[in-house]
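Colleague: Please take the sheet in this model, go through it slowly for someone in the first year of study, and then follow its surroundings outward as far as you find useful.

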Amino acid sequence: EKAEIGLIGLGTMGSNLALNIAEHGHHIAVFNRTRSRTDAFVESAGSLKDSIVPCYSLEELAAAIRPPRPIIIMVLAGKPVDEQIAALRGVLSNNDIVIDAGNANFRDTMRRFSELSGSGLTFIGMGVSGGEEGARHGPSIMVGGTEDSWKRVEKVLTAISAKFKDEPCAAWLGTDGAGHFVKTIHNGIEYADMQMIAEIYGILRDGLGMGPKEIGKVFDGWNKGRLNSYLIEITAKVLAADDPKTGKPVVDIILDRAGQKGTGKWSVIEAQQLGIPATAIEAAVAARVLSSIKDERQAAEKAYGNIGVAKISGDKAALLKDLELALFAGKIAAYAQGFAVMSGASKEFNWNLPMPTIAKIWRAGCIIRSQMLDTMAEAFGAGGASTNLLMAPAFITMMKEAHPSLRRIVARASEVGSPVPALSSALAYFDSYRQGRGTSNLIQAQRDFFGAHGFERIGEQGAFHGPWGSGAGG
Ligand code: NDP
């Protein structure tokens with residue numbers, strides 16, 4: 001019996017995705033560049049072995065799958081994907097579907113899509129979130145490609161995806177790069193979410209002098225309330241864990257230098273290209289960059305003296321409540337930015353991105369899954385969030401309750417010297433967004449002064465200049 005689907009790349013994600021597919025009753029043919037990995041994979045597949053066909057060349061892989069063949073590529077993003085596609089062109093035939101499931105830059109996906117159009121092969125760019133565990137037991141799946149090609153793989157992809165209640169967290173989001181773009185923004189939001197959690201951890205650790213275990217309990221408590229989410233849940237677990245080697249809390253033996261693979265940066269670049277502010281995501285990316293220059297930071301600490309975060313005094317229960325609400329408000333602002341970027345891209349690239357669907361397929365399986373995404377799905381579904389999530393009635397109510405806490409926490413943190421770049425960016429965004437009359441009248445005056453750019457007068461049509469006289473211009 002021939003396999004229904006193929007998969008190339010048996011690394012962390014590919015091997016787990018293959019097991020997930022096999023477990024759902026689909027025969028799958030697999031190939032990996034390094035042969036030993038294929039053998040080890042089949043060996044580890046246990047009772048699923050019977051549903052897996054190991055292949056040792058692309059020819060063998062193509063022969064093992066029933067045409068028209070869907071083939072998932074799950075290799076290192078970038079050049080390896082182009083190499084795989086080029087090699088596949090030699091062995092595949094008309095109507096076969098090549099699915100890139102790695103973390104591709106959506107611009108590469110758009111290029112690959114157009115390169116393959118007219119070749120007889122169909123290309124799908126598919127974002128997969130949920131890490132190893134998600135790939136194995138149900139990821140969130142964001143698909144970009146033609147609607148026809150989606151229909152041909154819908155059954156298997158919805159079967160292996162995460163479920164929120166009974167709804168599959170897999171969906172077709174638009175043509176060419178739509179799926180990978182949405183995955184990129186998912187990751188950008190994930191950066192902001194993680195950074196804001198880390199900032200709150202910093203205040204608890206340095207401002208309140210709490211230990212990891214105690215902080216873990218705070219997060220565990222928050223996970224039962226409005227902040228209920230995967231990231232809060234794992235933060236509590238991480239903080240509770242001890243290092244087997246030293247017996248110390250794991251977080252205390254980990255170097256404070258964060259890695260990144262590019263999706264956060266891409267989110268920010270695209271946001272800038274589209275002219276949509278995504279300041280909380282930007283701050284989170286910048287925080288990772290700053291974290292990575294550890295030596296420079298240590299030298300600066302010597303030069304300026306230890307920041308010596310002052311202890312925050314006052315009613316601890318009230319402070320903890322403020323921290324919870326501050327994180328909640330910051331998170332809403334970050335999501336509002338992420339969705340606004342998607343909305344801008346949707347127009348720019350003619351994707352017609354379905355925002356309610358995106359919020360829905362993020363409710364389970366992916367790293368940013370949370371209680372709040374269900375509320376967002378409702379808000380987008382009801383049309384109230386079509387300009388900005390911050391304008392949806394449910395979110396206006398929540399922000400009205402939570403933003404005073406965000407303000408107090410950002411102010412306190414700044415006073416005591418605990419850096420809160422993402423939370424303060426979120427607050428500044430919110431404040432600027434809600435301010436009916438801002439300060440750009442002065443910017444316009446300056447621009448007119450030095451560059452004769454002109455300005456609009458309140459309540460009048462046309463372009464005007466100021467009475468700058470000599471000395472202006474240049
Ligand atoms: P791994 O490092 O575990 O595996 C990489 C795979 O790519 C291996 O099968 C490797 O084959 C193959 N590979 C690398 N270079 C080439 C090449 N030049 N030609 C052919 N095959 C190659 O990676 P992951 O499984 O973690 O990631 C795979 C993709 O999924 C990436 O795009 C990643 O960004 C994305 N992703 C990862 C997530 C995660 O949590 N890890 C989450 C979501 C997406 P070989 O055995 O021969 O080295």
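Modeller: Before we speak of partners in a sheet, one term has to be settled: two strands pair if DSSP finds at least two bridges between them. Please also keep in mind throughout that this is a predicted model.

With that term in hand, the sheet can be laid out as an open arrangement of eight strands in the order E3-E2-E1-E4-E5-E6-E7-E10, and the pairing within it is mixed. At the edges stand strand E3, residues 52-55, and strand E10, residues 170-174, and because each has a single partner strand, one side of each is left without a neighbour in the sheet. Going from strand to neighbouring strand, the turn is 25° on average when direction is ignored. As a reminder of what holds such an arrangement together, strands of a sheet pair through backbone hydrogen bonds, in either the parallel or the antiparallel sense.

Helices pack on this sheet as well. Helix H2, residues 35-44, touches strand E2 (28-31) and E3, and the direction of H2 makes about 165° with that of E3. Helix H8, residues 178-207, touches E5, E6, E7 and E10, and here the angle between the direction of H8 and that of E6 is about 15°.

Let us now look closely at E5, which has E4 and E6 beside it in the order of the sheet. Strand E4, residues 70-73, and strand E5, residues 97-100, run parallel and are joined over four bridges. Within this pairing, Pro70 has Ile97 as its bridge partner in E5, while Ile73 stands opposite Asp100. On the other side, E5 and E6 are likewise parallel and joined by four bridges, and one of the matched pairs across them is Ile99 with Ile124.

Which way do the residues of E5 point, and are they buried or exposed? Ile97 and Ile99 point one way from the strand, Val98 and Asp100 point the other way, and all of them are buried. The neighbouring strand E6 shows a comparable alternation, with Thr122, Ile124, Met126 and Val128 pointing one way, and Phe123, Gly125, Gly127 and Ser129 the other way. Eight of the eight residues of E6 are buried, so this strand is largely enclosed by the rest of the structure.

Ile73, which we met opposite Asp100, also leads to a helix, since Gln84 touches Ile73 together with Ile8, Leu58 and Val75, when residues up to four places away in sequence are not counted. Gln84 lies in helix H4, residues 79-89. The relative accessible area of Gln84 is 15%, and because buried means under 20%, Gln84 is classed as buried.

The loops that lead into E4 and E5 deserve a careful look too. Most residues other than glycine have a negative phi, and most peptide bonds are trans. Against that background, the peptide bond joining Pro67 and Pro68 is cis, with omega about -5°, and Pro68 is found in the loop between helix H3 (58-64) and E4. In the loop between H4 and E5 we find Asn95, whose phi is near 75°, a positive value in a residue other than glycine. Asn95 is partly exposed, with a relative accessible area of 46%. A positive phi, of about 55°, is also found at Lys165, which is not a glycine either; Lys165 sits in the loop between strand E8 (163-164) and strand E9 (167-168), and is exposed, with a relative accessible area of 69%.

Finally, the model holds a ligand. Of the 21 residues around the ligand, Thr12, Met13, Asn32, Thr34 and Arg37 come nearest. A polar side-chain atom of Asn32 lies 2.7 Å from an oxygen atom of the ligand, and for a polar side-chain atom of Thr34 the corresponding distance is 2.4 Å. With Asn103, by contrast, it is a backbone N or O atom that lies 2.9 Å from a ligand oxygen atom. Taken as a whole, the protein covers 79% of the 900 Å² of accessible area that the ligand has on its own.

How values were computed
Residues are numbered from 1 along each chain as its sequence is written. This is a predicted model: local features need pLDDT of at least 70, side-chain atom pairs count only at pLDDT 80 or more; totals for chains, interfaces and linings use all residues. Side-chain values use heavy atoms; hydrogens and water are left out. Helices (H or I, at least four residues) and strands (E, at least two) are DSSP runs, numbered from the N terminus. Axes are lines fitted to C-alpha atoms, for helices over the stretch in contact, and angles run from 0 to 180 degrees between N-to-C directions. Contact means heavy atoms within 4.5 Å. A residue is near a molecule or strand if one of its heavy atoms lies within 4 Å of it. A polar contact is a pair of N or O atoms within 3.5 Å; within protein, one must be able to donate a hydrogen and the other to accept it, and residues adjacent in sequence count only if both atoms are side-chain atoms. Accessible areas come from the Shrake-Rupley method with a 1.4 Å probe; for residues, only the protein chains shown count as cover. Buried means under 20% relative accessible area, exposed over 50%, partly exposed in between (1.4 Å probe, protein chains only).
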